[in-house]
Each structure stands twice: as C-alpha cells, then as structure tokens.
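Dear colleague,

I am handing over the structure we spoke about, and I would be grateful if you could look through it with the notes that follow beside you.

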Amino acid sequence: MALIDAISAAFGLLLSGDADLWHIVWVSVSTCLVALLIATPIAVGLGYLVATRFFPGRRIVIWLSQVALSFPTVLIGLLLYLVLSRQGPAGQLHWLFSQSGLIVGQVLIALPVLVAFTLAAVQAADPRLAETAITLGASRWRVMATMLREVRFGVMAAITNGFGRVISEVGCAMMVGGNIAGETRTITTAIALETSKGDFAQGIALGMVLIAIALVINAALLLLQGDAR
C-alpha cells in the first residue's frame, strides 16, 4: 500500500468511527487513567518523604529511583509475567492476560517517573516554606499539603510524563496483556501487530490518536501553568 493511500485510509477509519479502532483507544486510555489514579498518591507520598526526611540509605533510595527510570518496560513485563503466571506466587489471581494485569504493569512503570519528578520538585522548593509552617504550628499533614501545593506544577508535570510513559509503552503491555482483541489490545500493541501484518492504515490511524492525546495532555499542562495564552 502506498503511503498516500495508507494515510487516506487512516483518516477514513478515524472519521468513520471504526468501532474496533476506538475500542482500542478506550482500553488504552481507561487502563492508563486507572493506573495513574493508583500510582499517583503512592508515588507523590514516597517522593515527598524521601525529599524531606533524612534516614540511613537515603542516597541509595534516591539512586535507585533514578535507576528505575531507565528500566526497559519489557523487563518489567517479564518479571510481572513470572509473578502472575500459573506457577508464579500470584498465579491464583488469574490476572495474566487481563486488564487487571495490564494495570498492574502500568502502575509499576509509572511509579518511578512520579517518584523521581516529585522528589526533584520538592527538593527544589524553598525550605523556608516548611519551616514557616512548622513555626506557625502546622501539623505534619498540613506541612505536606502546603509543600505539595507549592510544587503542584512539578507534580502535574510528573503525572503528565507518567501518563506519556505508560500509554506509549509496548513491551510490558504485550507480555502481560497478551494483546487480546477487545480486552487487552492497546494502541501501541495494536500498531505493532497491524504493521507486522502489513495493515498500515490502522497503525497510522492509531499513531495519529496517540499524537493527539500527547498534544492535548501537554497543552492542558501548559494552560494550568499559565504559559499558554
């Protein structure tokens, strides 16, 4: 299929409201959002604690959080596959090749991004803010809420980057989700499958959707930060 023909067919799929294509998009977006809802409170809390508390091994924890950013997602998928397989320690959950397993993998992928970005944002904040809050008698939870509000744009950037890393990864989704049509087939796994079959139209259409999602998410972040007019 010529490139022009493939692009034309891709626009046709998007404009015709192809049910299979938009269900793939729905599976990708919905599982990513659920994963972020689970990962964000945990990661932001961990990032804040590591940034504001001093304890033995703190530097090692920070180093490991940075190292985890470069972990290949296919390695995370392999480890999770071994855990969720029938012979694995969590095999009785029957989450392998299901949306639940897909979400668990996405949570593990998002956590290092959210922790690292939150850690960097809190460390960059003015320490006098926390000191002033403590002096005024604020509780630990109040101090934490005040600090996180001060670095809210950094936390938003963490969530945006976490979403981008999760929705664009293919290795873990392929291994843990199994790329099952109508169940665990995501945008990236569908692109890989359809391209390998020579169906470039659907791959291009899904690629356009992925780019559109990235543009919308980052535009929303810019608007919240007040950098867009």
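To begin with one annotated stretch, residues 103–122 are 100% helix and 0% strand, and the C-alpha atoms at the two ends of this span lie 27 Å apart; helices here are DSSP runs of H or I with at least four residues, strands are runs of E with at least two, and both are numbered from the N terminus. Please keep in mind that this is a predicted model, in which local features need pLDDT of at least 70 and side-chain atom pairs count only at pLDDT 80 or more, whereas totals for chains, interfaces and linings use all residues. Residues are numbered from 1 along each chain as its sequence is written, and side-chain values use heavy atoms, with hydrogens and water left out.

The stretch comes from the UniProt record, an unreviewed entry, whose annotation "transmembrane region" covers residues 24–49, 61–83, 103–122 and 204–224; positions are given in the numbering used here, feature names are shortened, and such annotations may be inferred rather than shown by experiment. Residues 204–224 are likewise 100% helix and 0% strand, with 30 Å between the end C-alpha atoms. The same unreviewed entry carries the annotation "domain: ABC transmembrane type-1" for residues 25–221, a span that is 78% helix and 0% strand in the model and whose end C-alpha atoms are 21 Å apart.

As for the chain as a whole, its secondary structure comes to 11 helices and 0 strands, and its C-alpha atoms fill a box of roughly 70 × 55 × 25 Å along the principal axes. Of its 229 residues, 41% count as buried, where buried means under 20% relative accessible area, exposed over 50% and partly exposed in between, with a 1.4 Å probe and protein chains only. The accessible surface comes to about 12600 Å², of which 68% belongs to carbon and sulfur atoms; the areas come from the Shrake-Rupley method with a 1.4 Å probe, and for residues only the protein chains shown count as cover. Among contacts (heavy atoms within 4.5 Å) between residues at least 6 apart in sequence, 74% join residues at least 24 apart.

Turning to the interior, the largest nonpolar core has 34 residues, and those with the most contacts inside it are Leu 114, Ile 187 and Leu 206; a nonpolar core is a set of buried Ala, Val, Leu, Ile, Met, Phe, Trp, Tyr and Cys residues joined through side-chain atoms within 4.5 Å. Among the elements that give two or more residues to this core are helix 1 (3–16), helix 5 (99–124) and helix 11 (200–225), while its largest share, 8 residues, comes from helix 2. Ile 187 touches Ile 24, Val 25, Ser 28, Leu 206, Val 209, Leu 210 and Ile 213, not counting residues up to four places away in sequence. Apart from this core lies another, of 17 residues, among them Val 50, Ala 51, Ala 125 and Val 155.

Leu 148, in helix 7 (residues 140–150), is buried at a relative accessible area of 19%. With the same exclusion of residues up to four places away, Leu 148 touches Val 44, Tyr 48 and Val 122, and the C-alpha atoms of Leu 148 and Val 122 are separated by 7.4 Å although the two are 26 residues apart along the chain.

On the surface, Phe 71, Val 74, Leu 75, Leu 78, Leu 79, Tyr 81, Leu 82, Phe 97 and Ile 180 form a nonpolar patch with about 750 Å² of accessible area together. Patches are made of residues with over 30% relative accessible area and no salt bridge, like charges being joined within 9 Å and nonpolar side chains (Val, Leu, Ile, Met, Phe, Trp, Tyr) within 5 Å. Leu 78, placed in helix 4 (residues 73–84), counts as partly exposed because its relative accessibility is 37%.

There are 2 salt bridges by the rule that a side-chain nitrogen of Lys or Arg lies within 4 Å of a carboxyl oxygen of Asp or Glu. In one, Arg 128 pairs with Asp 126, the closest N and O atoms being 2.8 Å apart; Arg 128 is exposed at 57% and Asp 126 partly exposed at 37%. The side chains of Glu 194 and Lys 197 also meet in a salt bridge, at 3.6 Å from N to O, with Glu 194 buried at 6% relative accessibility and Lys 197 exposed at 57%.

With regards
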